[in-house]
Every structure is written in C-alpha cells, then in structure tokens.
Amino acid sequence: SVRIPGIIYGPLVSALFAGNGCVVKVSEYAAWSADFCAGFVHRALEHNGFDPDLVQIIVGNGATGEALVRSGVEKVMFIGSPENGKRVMRAAADNLTEVVLELGGKDPMIICDDCDWEQAINYALRGIFINCGQNCLAAERIYVQDKIYDEFVAEVVKRAKKLKQGPTLSKT
C-alpha cells in the first residue's frame, strides 16, 4: 500500500525483473494519481512487449489492503506508517506471507563543501518539502559542512520563500 503512487516504481521494477506480476494497493488519499501511474506502467510494459496486465493498481482503504494481504499473495511490500505496518504484519502472519516493510525512514541528508551546489540546493528543497515533508523520502535532518553552512542556509531560505502551497493540480 502506498500513499504516493510514484514511489512504487522501485519495488515494482524489482518484482517484475524477478518474473512476478504485481498488484499495487494505493491509498484512497492518492486516488487522483493512481490512474496516471497505472497508465505509465502499462504503457511501459506494452512498449517493451509485455502484457500490461502484469501490473494491477487498485485504490482502497485499510480494509482493501487487509483483504489483499490475506488473499494468498506470496509477498507483500508495504510503505507507510509503523502503525499500519503492524496491521500488515498481523494479517500476513495468518498465512506466513513474506513481508517487507518501509516504515517512514526520513533519513538525514549530508551536504559536503565539494557538492554540486545547484543539485544540493534542489535536493534539499525537495527533501524538505515533498508531500509537505510527510513521506519516507523526506529529509528530516540536513547536515552541512561548516565552510558552506551560512551560504547554504541563506540560499535554501531564499528559494523556500518563493515556493507556493496549494492543490497539486492547481493552475496557480
């Protein structure tokens, strides 16, 4: 189950390369982008001579996820909160279904003084603000070498002040 469908690509590609078909359960809060992700995946499969039905993307809440976990699948990859990860693990235990859990990493980012400046600034901003910082890919802490610290912070603050909040699909 995923809240942001775009993060499924890594686990999905790995599963496909291993010769598996996949069912991806997307959070009901991300229904708006599930269709886009499904289309992208299906076109890529078809373009490369594979049956697009190898990947099925469904949208649903926790009950949908639990039904999927209990359905007899061989493996579950779950990306989400520790609380929901425990629910997945309990449901998977009934059939001894193999489970991989990614439960909100929010890893640190380290910026060294020999970095690619533009890339470091852009990745820092993305790491801080992607999905309002509420995702396992978000940077919770950024460590910057003393030599560039002041300049780095000033540039991040300057660019952050130009960011706009609002609905993702808004034209403004």
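A salt bridge, as I will use the term today, is a side-chain nitrogen of Lys or Arg that lies within 4 Å of a carboxyl oxygen of Asp or Glu. Side chains of opposite charge can pair when their charged atoms come close. By this rule the count comes to 9 salt bridges, and I will go through some of them after a few words about the model.

What you see above is a predicted model, in which local features need pLDDT of at least 70 and side-chain atom pairs count only at pLDDT 80 or more, while totals for chains, interfaces and linings use all residues. Residues are numbered from 1 along each chain as its sequence is written, and side-chain values use heavy atoms, with hydrogens and water left out.

Let me start with the overall layout. The secondary structure of the protein comes to 6 helices and 6 strands, where helices (H or I, at least four residues) and strands (E, at least two) are DSSP runs numbered from the N terminus. Read from the N terminus on, the elements follow the order α-β-α-β-α-β-α-β-β-α-β-α. The protein has 172 residues, of which 29% are buried; here buried means under 20% relative accessible area, exposed means over 50%, and partly exposed is in between, with a 1.4 Å probe and protein chains only. If we take the contacts with a separation of 6 or more, residues 24 or more positions apart account for 66% of them, a contact being heavy atoms within 4.5 Å.

Now to the salt bridges themselves. Asp 113 pairs with Lys 147, and the closest N and O atoms of this salt bridge are 4.0 Å apart. Asp 113 lies in the loop between β5 (108-111) and α5, whereas Lys 147 is in helix α6, so the pair ties together parts that are 34 residues apart in sequence. Asp 113 counts as partly exposed, because its relative accessibility is 35%, while Lys 147, at a relative accessible area of 72%, is exposed.

A second pair is Glu 140 with Arg 141, whose closest N and O atoms are 3.1 Å apart. Glu 140 is exposed at 51%, and Arg 141 counts as partly exposed at 33%.

A third salt bridge joins the side chains of Glu 155 and Lys 158, at 3.8 Å from N to O. Both residues lie in helix α6, 3 residues apart, which is about one turn of the helix. Is Glu 155 buried or exposed? At 16% relative accessibility, Glu 155 counts as buried, whereas Lys 158 is partly exposed at 44%. Salt bridges that share partners join these two residues with Glu 118 and Arg 159 into one network.

That brings us to the packing of the helices. Helix α5 (residues 117-129) and helix α6 (residues 146-160) pack at an angle of about 55°, and their axes are 10 Å apart. Axes here are lines fitted to C-alpha atoms, for helices over the stretch in contact, and angles run from 0 to 180 degrees between N-to-C directions. Angles under 35 degrees count as roughly parallel, over 145 as roughly antiparallel, 65 to 115 as roughly perpendicular and the rest as oblique, and α5 and α6 are therefore oblique to each other. On the α5 side the contact includes Trp 117, Glu 118 and Phe 129, and on the α6 side it includes Phe 152, Glu 155 and Arg 159. By class, the residues of this contact divide into 11 nonpolar, 1 polar and 4 charged, where Ala, Val, Leu, Ile, Met, Phe, Trp, Tyr, Cys and Pro count as nonpolar, Asp, Glu, Lys and Arg as charged, and the others, Gly among them, as polar.

A second helix pair is α1 (residues 9-17) and α2 (residues 31-47), whose axes come within 13 Å and cross at roughly 30°. These two helices are therefore roughly parallel to each other. Tyr 9, Leu 12 and Leu 16 of α1 make the contact with Cys 37, Phe 40, Val 41 and Leu 45 of α2, and the classes here are 7 nonpolar, no polar and no charged residues.

Finally, please look at the loop between α4 (82-93) and β4 (98-102), where Leu 96 lies. Leu 96 has a positive phi of about 55°, although it is not a glycine, and it is exposed, with a relative accessible area of 78%. Asp 94 has its place in the loop between α4 and β4 too, and it counts as exposed at 53%. The C-alpha atoms of Asp 94 and Val 69 are separated by 9.7 Å, with the two residues 25 residues apart along the chain.
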